[in-house]
Amino acid sequence: MIDLTKPAEISDVSDVQTILAGGSDPTRFDSKEAWYPVYYLGDLDRSKLATFTLLGQDLVIWWDRNAQTWRAFVDRCPHRLARLSEGRIAEDGLLECPYHGWAFTGEGDCDRIPQQPADSKAQTSARACADALPTAECQGLLFVYAGQSENAAKVKVPSIEALEESPKEWTLIDTFRDLPYDALTLLENVLDSSHLPFTHHRSVGNRANAAPVDLELVTSDKQGFVGAWEEGPRRGKLGRQDTVFVAPNLMWHDLTSKQFGRTMTVVYATPTSKGACRLFARFPFKFSSKIPKFFIEITPRWVSHISQNGILEDDQIFLHHQERYLESIGGSNNFAKAFYLPTKADLFVTELRKWVNQFEADPFPDEILPPAMPKHVLLDRYYSHTVNCKSCRDALRNLQRIRASVAAIGSISWAVATLSPFILSQISIWIVSVAVASALSAGIAWVALGQLERRFYDGQSIPLRNVSGK
């Protein structure tokens with residue numbers, strides 16, 4: 001694995017010249033020639049295999065204890081094309097195929113073929129090798145390079161540069177989710193700050209804050225663009241907001257206010273397949289007071305994730321359908337006719353689409369979107385987040401154990417209350433009262449815990465902005 005976090009570290013590599021993401025063609029951005037985050041390191045288990053789909057390519061992620069690094073292989077054995085992710089990490093630390101036991105080193109070399117005679121050397125053939133992709137760790141994320149392996153060490157891993165400044169002063173909240181729409185649709189949505197008061201009304205926005213959004217484009221080229229909103233959110237109450245898009249998958253809003261200090265909204269959009277992506281959202285804060293930092297640090301990660309999932313569901317449904325409407329009208333190449341963009345609030349949306357078209361940057365140019373999903377599938381949280389999140393997965397398991405214990409206590413308490421008159425020769429009102437109270441309390445707790453449990457599985461069908469009375 002390549003450990004690249006800063007341009008200086010890349011330039012220190014002997015005989016390596018730093019190159020920009022997107023390939024050498026100045027007229028085209030090759031989406032494969034870039035680093036993409038695939039997991040938060042804290043969500044990976046070194047004893048288990050993980051899977052990910054990057055740009056339509058299925059991968060298996062595994063910990064190579066012999067080299068003490070994470071590996072990413074194409075999830076396909078060269079022998080009979082079995083999924084390596086259904087295999088295991090063998091006792092010697094190699095990745096073992098589940099079908100016939102072929103085993104591979106961290107570099108992808110085949111170490112053994114159990115079926116061949118002792119004097120055979122079929123494992124030394126290039127055809128026996130697994131396809132290994134370069135990996136890198138940066139700011140708590142595991143990145144994979146999708147393009148030519150020889151270019152990986154030359155291309156900078158996209159990072160949040162501000163976090164390198166006095167890192168101990170930053171407080172970081174993060175989440176992720178597999179989304180049912182394209183990475184470009186995700187970037188377009190987050191670049192558009194003007195939707196916040198309406199789409200996220202009562203979650204993180206308020207309709208009363210809607211106002212003209214006078215955006216300004218500062219610079220733009222193949223590597224992305226920089227923009228500014230001089231007045232800033234909440235009718236200028238928070239100050240200027242700067243926006244950066246780092247092609248092909250990273251953007252952030254940067255805001256410094258007297259009330260809250262410096263806050264950032266950072267999004268990585270990793271394309272998995274046509275009509276799907278994985279969002280990595282990071283919220284770094286430099287608070288003017290130590291009190292918010294304290295409360296954020298003591299709050300379990302899963303509590304934040306439940307809230308963030310609700311915010312994502314505010315616009316998940318209509319974005320899923322929006323990109324299908326755009327495709328039916330001609331896609332990104334026809335965005336200017338498909339979208340009516342009369343105000344400067346849409347400047348960054350326009351710039352993103354211009355960048356996609358000018359540099360042919362659509363990662364799936366010849367593919368069409370799959371059929372639209374029903375609403376209940378779009379609101380799934382378990383498979384789109386919980387199952388891949390260590391914090392939420394552990395919290396759900398503990399919650400289910402507590403709920404089972406509460407049910408047992410309630411059942412025993414109710415049995416005591418109902419059977420006491422038949423068991424005890426002299427009925428104690430105190431015993432019956434305590435038993436009934438315990439049973440009722442357990443019942444209420446069981447229902448409340450069940451409601452919390454559902455929040456790990458499904459989203460709210462009616463967003464807060466549309467709830468009656470709000």
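Let me start with a pair of strands, E13 at residues 215–221 and E14 at residues 224–229, which in this predicted model run antiparallel to each other and are joined over 6 bridges. The two form a hairpin, with 2 residues between them, and if you want one contact to find on the screen, take Leu215, whose bridge partner in E14 is Trp229.

That hairpin belongs to a wider arrangement, an open sheet of 7 strands whose order is E12-E18-E17-E16-E15-E14-E13, with antiparallel pairing. Which strands stand at the edges of this sheet? They are E12 and E13, each of which pairs on one side only, and as you go from one strand to the next the twist averages 15°. As a general reminder, the strands of a sheet pair through backbone hydrogen bonds, in either a parallel or an antiparallel way. Further along the order, E17 and E18 are paired in the antiparallel sense over 9 bridges, and there you can see Ser273 standing opposite Ala276 in E18.

There is also an open sheet of 4 strands, in the order E5-E6-E7-E8, and its pairing is antiparallel. Here strand E5, residues 88–89, and strand E8, residues 110–112, are at the edges with a single partner strand each, so that one side of each has no neighbour in the sheet. Between E6, residues 95–96, and E7, residues 103–104, the antiparallel pairing runs over 2 bridges, and Glu96 is found opposite Ala103 in E7.

Let me turn now to the helices. Helix H3, residues 183–191, packs with helix H8, residues 347–358, at an angle of about 155°, and their axes are 8 Å apart. Why do we call H3 and H8 roughly antiparallel? The angle between them is about 155°, and because angles over 145 degrees count as roughly antiparallel, that is the description that applies to H3 and H8. The crossing in which H3 passes H8 is right-handed.

H3 comes up again when we look for enclosed space, since a search of the whole structure finds 1 cavity of 30 Å³ or more, and the space in the largest cavity is about 70 Å³. Which element gives the largest share of its lining? That is H3, with 3 residues, while H3 and strand E17, residues 261–273, each supply at least two. Among the residues that line this cavity are Ala183, Leu184 and Leu187, together with Ser31, Tyr36 and Asn249. By class, the lining of the largest cavity has 9 nonpolar and 2 polar residues, and no charged ones.

Finally, let me come to the second largest pocket, which holds about 810 Å³ of space. It is lined by 37 residues, and those closest to its centre are Tyr39, Asp178, Arg278, Val387 and Asn388. The elements that give two or more residues to this lining include strand E12 at 171–179 and strand E18 at 276–286, both of which you will remember from the sheet of 7 strands, and also helix H10 at 390–423 and helix H9 at 375–378. How many residues of each class line this pocket? There are 15 nonpolar, 8 polar and 14 charged residues, whereas, to go back for a moment, the lining of the largest cavity has no charged residues.

Note on methods. Residues numbered from 1 in each chain as written. Predicted model: local features only at pLDDT ≥ 70, side-chain atom pairs only at ≥ 80, totals over all residues. Heavy atoms only, no water. 1 Å grid on protein atoms, 1.4 Å probe; cavity = no way out; pocket = protein on both sides within 12 Å on 5 of 7 lines; lining within 4 Å. Points joined across faces, edges and corners; volume = space filled by probe spheres on them. Nonpolar A, V, L, I, M, F, W, Y, C, P; charged D, E, K, R; others polar. Pairing = 2+ DSSP bridges. Axes fitted to C-alpha atoms, helices over the stretch in contact; angles between N-to-C directions. Parallel < 35°, antiparallel > 145°, perpendicular 65-115°, else oblique. Left-handed = near helix turned anticlockwise from the far one by under 90°.
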